[in-house]
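Okay, thanks for coming, everyone. Let me put the structure up so we can walk through it together.

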Amino acid sequence: MPETQVLILNKQQIAQKINRIAYQILEDNLDEKEIVLAGIWDRGYKLALRLSAVLKEIASFKVTLLRVDLEKQNSKLVAKTDLQESEWKNKVIILVDDVLNSGKTLAYGLGVFLNTPHKKIRTVVLVDRSHKIFPIATDFVGLELSTILKEHVDVVMDVDGEEDRVYLS
């Protein structure tokens, strides 16, 4: 580990944050028959997979997993999903990403669902850095972290040979 990296969350702490967020999602959706976890590729999707596994153990509602692919470097919303619109229409959508920095990725992710009727949309992030330049609020957050702009938060999840962790560098 380079000296410039500071461990923010270890594997156990990440698991605890995911469990807590899953229970918050459950409480927010007790009367639902189905929710859609829309994970932004790729680390947001990995987080959505983890949340889905916990929710399937604790919730009675169906959990549908949706992959959202965004062209993050594009100045216009360019996105595709791995499910048809009918799979999320008139349902609760929970948009999931690993880190909230400027809010652009979540704003673009929300844009995918705005032309489709839905019950409600919520957002989940593992780490909120509080540097928003887009009007994005997070509904469920693992950790709020005050950083300076030049710092970087690196989430490592499901990487072969590496333990889950969150670093600040």
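Let me start with one residue: leaving aside its neighbours within four places in sequence, which residues is Leu 126 in contact with? Keep in mind that this is a predicted model. The list for Leu 126 includes Leu 9, Ile 14, Lys 17, Leu 47, Asp 97 and Asp 98. It also takes in Gly 142, Leu 143, Val 155, Met 157 and Val 166.

That residue is a good way into the core. The largest nonpolar core has 32 residues, and Leu 126 is among those with the most contacts inside it, along with Ile 25, Ile 35, Leu 37, Leu 51, Leu 55 and Val 124. Who chips in? At least two residues each come from H1, S2, H2, S5, S6, strand S7 (140-144), S8 and S9. H1 supplies the largest share, 6 residues. There's also a second, separate core of 19 residues, and that one includes Val 36, Leu 70, Leu 110 and Phe 113.

Now the sheets. One of them is an open sheet of 6 strands, in the order S4-S3-S2-S5-S6-S7, with mixed pairing. At the edges you've got strand S4 (79-81) and S7, each with a single partner strand, so one side of each has no neighbour in the sheet. From one strand to the next, the twist averages 25°.

Let's look at the S2, S5, S6 part of that order. S2 and S5 run parallel, joined by 5 bridges, and there Ile 35 sits opposite Val 92 in S5. S5 and S6 are parallel as well, with 8 bridges between them. Two pairs to click on here: Asp 97 has Val 125 in S6 as its bridge partner, and Val 99 stands opposite Val 127 in S6.

So how many residues of S5 are buried? The count is 9 of 9, so S5 is largely enclosed by the rest of the structure.

Next, what packs on this sheet. H1 touches S2, S5, S6 and S7, and its direction makes about 150° with that of S7. H2 lies across S2, S3, S5 and S6, running at about 155° to S2.

A bit more on H2, residues 43-58. Its 16 residues should span 22 Å at 1.5 Å a residue, and the end C-alpha atoms are 23 Å apart, so that agrees. Its buried residues are Gly 44, Tyr 45, Lys 46, Leu 47, Ala 48, Leu 51, Ser 52, Val 54 and Leu 55. Yes, there's a lysine in that list: Lys 46. As for what covers those buried residues, that includes H1, strand S2 (34-40), strand S3 (62-70), strand S5 (92-100) and strand S6 (120-128). And remember the pattern in helices generally: residues three or four places apart point the same way, because an α-helix has 3.6 residues a turn.

Over to the other sheet. This one is open too, with 3 strands in the order S1-S9-S8 and antiparallel pairing. Its edge strands are S1 (6-9) and S8 (153-156), each pairing on one side only. Neighbouring strands are turned by 30° against each other on average, direction ignored. S8 and S9, residues 165-168, pair over 4 bridges, and Val 155 has Val 166 in S9 as its bridge partner. Helix H1, residues 11-28, packs on this sheet, touching S1 and S9, with its direction at about 30° to that of S1.

Last, a few spots in the loops. His 131 is in the loop between S6 and S7. Is His 131 buried or exposed? Its relative accessible area is 18%, and the cut-off for buried is under 20%, so His 131 counts as buried. A polar atom of its side chain lies 2.7 Å from the backbone oxygen of Thr 147. Not counting residues up to four places away in sequence, His 131 touches Asn 101, Ser 102, Thr 147, Ile 148 and Leu 149.

Ser 130 is in the loop between S6 and S7 as well. Ser 130 has a positive phi of about 65° although it is not a glycine, and at 40% relative accessibility it counts as partly exposed. Then there's Asn 90, in the loop between S4 and S5. Asn 90 has a positive phi of about 60°, again without being a glycine, and it is partly exposed at 44% relative accessible area.

One more backbone oddity to check: the peptide bond from Trp 41 to Asp 42 is cis, with omega near 5°. You'll find Asp 42 in the loop between S2 and H2.

Terms used: Residues are numbered from 1 along each chain as its sequence is written. This is a predicted model: local features need pLDDT of at least 70, side-chain atom pairs count only at pLDDT 80 or more; totals for chains, interfaces and linings use all residues. Side-chain values use heavy atoms; hydrogens and water are left out. Two strands pair if DSSP finds at least two bridges between them. Axes are lines fitted to C-alpha atoms, for helices over the stretch in contact, and angles run from 0 to 180 degrees between N-to-C directions. Contact means heavy atoms within 4.5 Å. The expected span of a helix is 1.5 Å times one less than its number of residues. Buried means under 20% relative accessible area, exposed over 50%, partly exposed in between (1.4 Å probe, protein chains only). A nonpolar core is a set of buried Ala, Val, Leu, Ile, Met, Phe, Trp, Tyr and Cys residues joined through side-chain atoms within 4.5 Å. A polar contact is a pair of N or O atoms within 3.5 Å; within protein, one must be able to donate a hydrogen and the other to accept it, and residues adjacent in sequence count only if both atoms are side-chain atoms.
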